[in-house]
Amino acid sequence: MIRRIAKLGLLPLFAFVLAAPSVAASVELKRNGNHINVLIGGRPFTTYYFGADAAKPYLFPLRSAQGTVVTRSFPMIDDIPGEDHDEPHQRAMYFAHGDINGLDFWGEAEFPRWSRHSASTFGRTVFRKLDEMKGGPDSGTLRVEFDLARPDGRVIAAETQAFTFTGDEHSRIIDCEFTVLANQGPVRFGDTKEGTFAIRVVKALDSPPGRMVNSEGAYGEKAVWGKRADWVDFYGNVAGEEVGIAIFDNPKNLRHPTYWHTRHYGLLGANPFGLKEFTHDRHQEGSYTIAAGESLTLRYRVFIHHGDVHDAHLADAYAEYAAGQ
């Protein structure tokens, strides 16, 4: 652990001192139709959208503890000056994959030109049931059930998305759990780079002007894309705040440490399936089949922090997360 910190240049070996713990803030969840607002310490943090107006559920926007928005607003809001309008299916934060039983749940039929295939192969993640929505003095939880459906509405699998929200005066955390249940027969996740758990960051965090770094100390898309790592972080200056956002791969996940679909234009994605493209080796096979009646669960932590990767002690934060699994 200490060697990894030294490798990243986060702390000299002799200065491995942890700061005093911060006080956790209260969390409130409030439903309004097909979306749920999440407040931390009485302030807006994010909103979870699960209605039929989009092909998949997503959270938007994500904010730092100071209230700075760290995710792109397009396509939900399309009139923000200077914001890129590429890849509109890359919403602020979402779970989806580009090949599930041959259907594309990553792309969206509303934006077909970005996916290069026929409209008949787009899937939809369809809301079925709100299982749990609970706030508390130091955390809040949300659990929602969906069906994975073909364009004709036929269901191919079930999916549960669960989130635990926490925060303090310095950071915001979302612990995420995604379970796909093969309740209609086998479910195959195909080998494609288009997946799987992703965040599209605000333009100021693109790399450049922001910076992209992984747990191995590699910086920039060329060194990070398609490589395996415990975590990847984007950090920079957004609206006057030095801030960053990271995804942590759970040590019990399939093929941990995961491969990363990260782009300089602001895509931050964890993908354990796209081995052929990531490794540039046609002999690799990243597809994974869930047997009928079985399930696959993937867990991640989203860590929104004040300061850069050094100030936030990312290696320490990940070690604490991994130790609790």
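Phe165 makes a good starting point: leaving out residues up to four places away in sequence, Phe165 touches Val27, Leu29, Val38, Phe45, Thr46, Leu59, Asp138, Ser139, Gly140, Leu142, Ile173 and Ile174. Contact here stands for heavy atoms within 4.5 Å. The model is a predicted one, where local features need pLDDT of at least 70 and side-chain atom pairs count only at pLDDT 80 or more, while totals for chains, interfaces and linings use all residues. Residues are numbered from 1 along each chain as its sequence is written, and side-chain values use heavy atoms, with hydrogens and water left out.

Phe165 also turns up among the residues with the most contacts inside the largest nonpolar core, together with Leu62, Met93, Phe163, Ile245 and Val302. That core has 68 residues, and its largest share, five residues, comes from strand S18 (residues 295-306). Apart from it lies another core of 13 residues, including Ile173, Trp231, Phe248 and Ala317. A nonpolar core is taken as a set of buried Ala, Val, Leu, Ile, Met, Phe, Trp, Tyr and Cys residues joined through side-chain atoms within 4.5 Å. Buried means under 20% relative accessible area, exposed means over 50%, and partly exposed is in between (1.4 Å probe, protein chains only). Strands and helices are DSSP runs numbered from the N terminus (helices: H or I, at least four residues; strands: E, at least two).

On to the rings. The structure holds 19 aromatic pairs. Rings of Phe, Tyr and Trp (its six-membered ring) pair if their centres lie within 6.5 Å; planes under 30 degrees apart are stacked, over 60 edge-to-face, and the rest tilted. Phe189 and Phe273 are a stacked pair, because their ring centres are 4.8 Å apart and their planes stand at 20°. Phe189 lies in strand S10 (residues 187-189) and Phe273 in the loop between strand S16 (267-271) and helix H3 (275-279), so this pair ties together parts that are 84 residues apart in sequence. Phe189 counts as buried at 2% relative accessibility, and Phe273 counts as buried at 0%.

Phe248 and Tyr318 pair up edge-to-face, since their centres are 5.4 Å apart and their planes are at 85°. This pair, too, links distant parts of the chain: Phe248 is in strand S14 (residues 241-249) and Tyr318 in helix H4 (residues 314-323), 70 residues apart. Both Phe248 and Tyr318 are buried. Ring pairs also link Phe45, Tyr48, Phe50, Phe95, Phe127, Phe146, Phe163, Phe165, Phe178, Phe197 and Tyr300 into a cluster.

Charged side chains come next. With a salt bridge set as a side-chain nitrogen of Lys or Arg within 4 Å of a carboxyl oxygen of Asp or Glu, the count comes to 18 salt bridges. In one of them, the side chains of Arg200 and Asp86 meet at 3.0 Å, N to O. Arg200 lies in strand S11 (residues 195-200) and Asp86 in the loop between strand S4 (58-59) and strand S5 (93-97), so the pair ties together parts that are 114 residues apart in sequence. Arg200 is buried, with a relative accessible area of 1%, and Asp86 is buried at 18%.

Lys276 forms a salt bridge with Glu285, with the closest N and O atoms 2.7 Å apart. Lys276 is partly exposed at 29% relative accessible area, as is Glu285 at 40%. Asp131 bridges to Lys129, the closest N and O atoms being 3.6 Å apart; Asp131 is partly exposed at 32% and Lys129 is partly exposed at 44%.

Salt bridges also link Lys56, Arg91, Glu108 and Glu110 in a network. Lys56 has a ring partner as well: its charged end sits over the ring of Tyr94, 4.8 Å from the ring centre. A charge sits over a ring if NZ of Lys or CZ of Arg is within 6 Å of the ring centre and within 35 degrees of the ring normal.

Two further residues round out the picture. His35 is found in strand S2 (residues 35-40) and counts as buried at 18% relative accessibility. Neighbours within four places in sequence aside, His35 is in contact with Lys30, Thr47, Tyr48, Tyr49 and Phe50. Trp114 sits in the loop between S5 and strand S6 (124-134) and counts as partly exposed at 27% relative accessibility. With the same neighbours-within-four rule, Trp114 is in contact with His85, Asp86, Glu87, Pro88 and His89.
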